[in-house]
Amino acid sequence: MQITVGGFTDLSTIDAGELLAFSVFFQGCKKRCPGCHNPDLQPFAGGLKMDTQAIKERIWRNRDWYEAVVFVGGEPLEQPEALEDLLEFLRGTNMQSWLYTGYEPNEIPPQIKELVDVIVAGPFRDDLKTGGFPASSNQTVLRRQGN
Ligand code: SF4
């Protein structure tokens, strides 16, 4: 499955609460939020085209380290097939899946919602920024029961 990524963070201690996480940055986002934390990831042209299999292998090699895998951007929901493919891979592991999206909860496809452990939904609003989690107070945090 093809995916365009802007990059990775190999060992994040801030993207998934206190969990050690691998973060995948999707390339491309239409939202254009003022104060966007990753403006370099807004253009759809650019980034690195690769196969999701390479990402799965990278995660699997380091599975003893990772407690979570984070999908962020850019906008992961602009590449729904690749996102779903990676989420399905994670369902068979003991790693949590986290999704940061600029879309509201009711705009997230149900088949993706079902696969994610923690979702931070809604566009970043600079005028409502919290300095903590979530980044702005209009955002909704959805947790699968038990996470
Ligand atoms: S949704 Fe996220 S990546 Fe997209 S413009 Fe807003 S803050 Fe930036």
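**A walk through the predicted model**

Let me begin with a single residue, Glu81, which is exposed, since only 11 other C-beta atoms lie within 10 Å of its own and a residue counts as exposed at 12 or fewer. Glu81 sits in helix H2, and although Glu81 and Met1 are 80 residues apart in sequence, their C-alpha atoms are 7.7 Å apart in space. Please keep in mind throughout that what we are looking at is a predicted model.

From that one residue, let me step back to the whole chain. How many helices and strands does the chain have? There are 3 helices and 7 strands, and if you read along the sequence you meet them in the pattern β-β-β-α-β-α-β-α-β-β. The radius of gyration is 14 Å, and the globule rule gives 15 Å for 147 residues, so the chain is as compact as a globular protein of that length. Taken along the principal axes, the box filled by the C-alpha atoms is roughly 40 × 40 × 30 Å. Of the 147 residues, 35% count as buried, and among the contacts between residues at least 6 apart in sequence, 60% join residues that are at least 24 apart.

Now to the sheet. The 7 strands form an open sheet with mixed pairing, and their order across it is E3-E1-E2-E4-E5-E6-E7. Which strands lie at the edges, pairing on one side only? They are strand E3, residues 48–51, and strand E7, residues 140–143. On average, and ignoring direction, neighbouring strands of this sheet are turned by 30 degrees against each other.

Let me follow part of that order, strand by strand. Strand E4, which covers residues 68–72, pairs with strand E5, residues 96–101, in the parallel sense over 4 bridges, and here Phe71 stands opposite Leu99 in E5. E5 in turn pairs with E6, again in the parallel sense and over 4 bridges, with Leu99 standing opposite Ile119 in E6. So much for the parallel part; E6 and E7 run antiparallel and are joined by 4 bridges, and the partner of Ala121 in E7 is Thr140.

Two of the helices can be placed against these strands. Helix H1, residues 52–61, lies across strands E1, E2, E3 and E4, and runs at about 75 degrees to E3. Helix H2, residues 80–91, where we found Glu81 at the start, lies across E1, E4 and E5, and runs at about 170 degrees to E4.

Between strand E6, residues 118–121, and E7 there is a loop, and Arg125 lies in that loop. Is Arg125 buried, exposed or partly exposed? Arg125 is partly exposed, because 15 other C-beta atoms lie within 10 Å, and that count falls between the 12 or fewer of an exposed residue and the 20 or more of a buried one. Leaving aside residues up to four places away in sequence, Arg125 touches Ser136 and Asn138, while the C-alpha atoms of Arg125 and Gln139, which are 14 residues apart along the chain, are separated by 8.6 Å.

Finally, the ligand. There are 15 residues around the ligand, and those that come nearest are Cys29, Lys31, Cys33, Cys36 and Gly102. By kind, the residues of this shell divide into 6 nonpolar, 6 polar and 3 charged.

Methods. Residues numbered from 1 in each chain as written. Predicted model: local features only at pLDDT ≥ 70, side-chain atom pairs only at ≥ 80, totals over all residues. Rg over C-alpha atoms; globule rule 2.2 N^0.38 Å. Contact = placed C-beta atoms within 7 Å. Near = placed C-beta within 6 Å. Nonpolar A, V, L, I, M, F, W, Y, C, P; charged D, E, K, R; others polar. Pairing = 2+ DSSP bridges. Axes fitted to C-alpha atoms, helices over the stretch in contact; angles between N-to-C directions.
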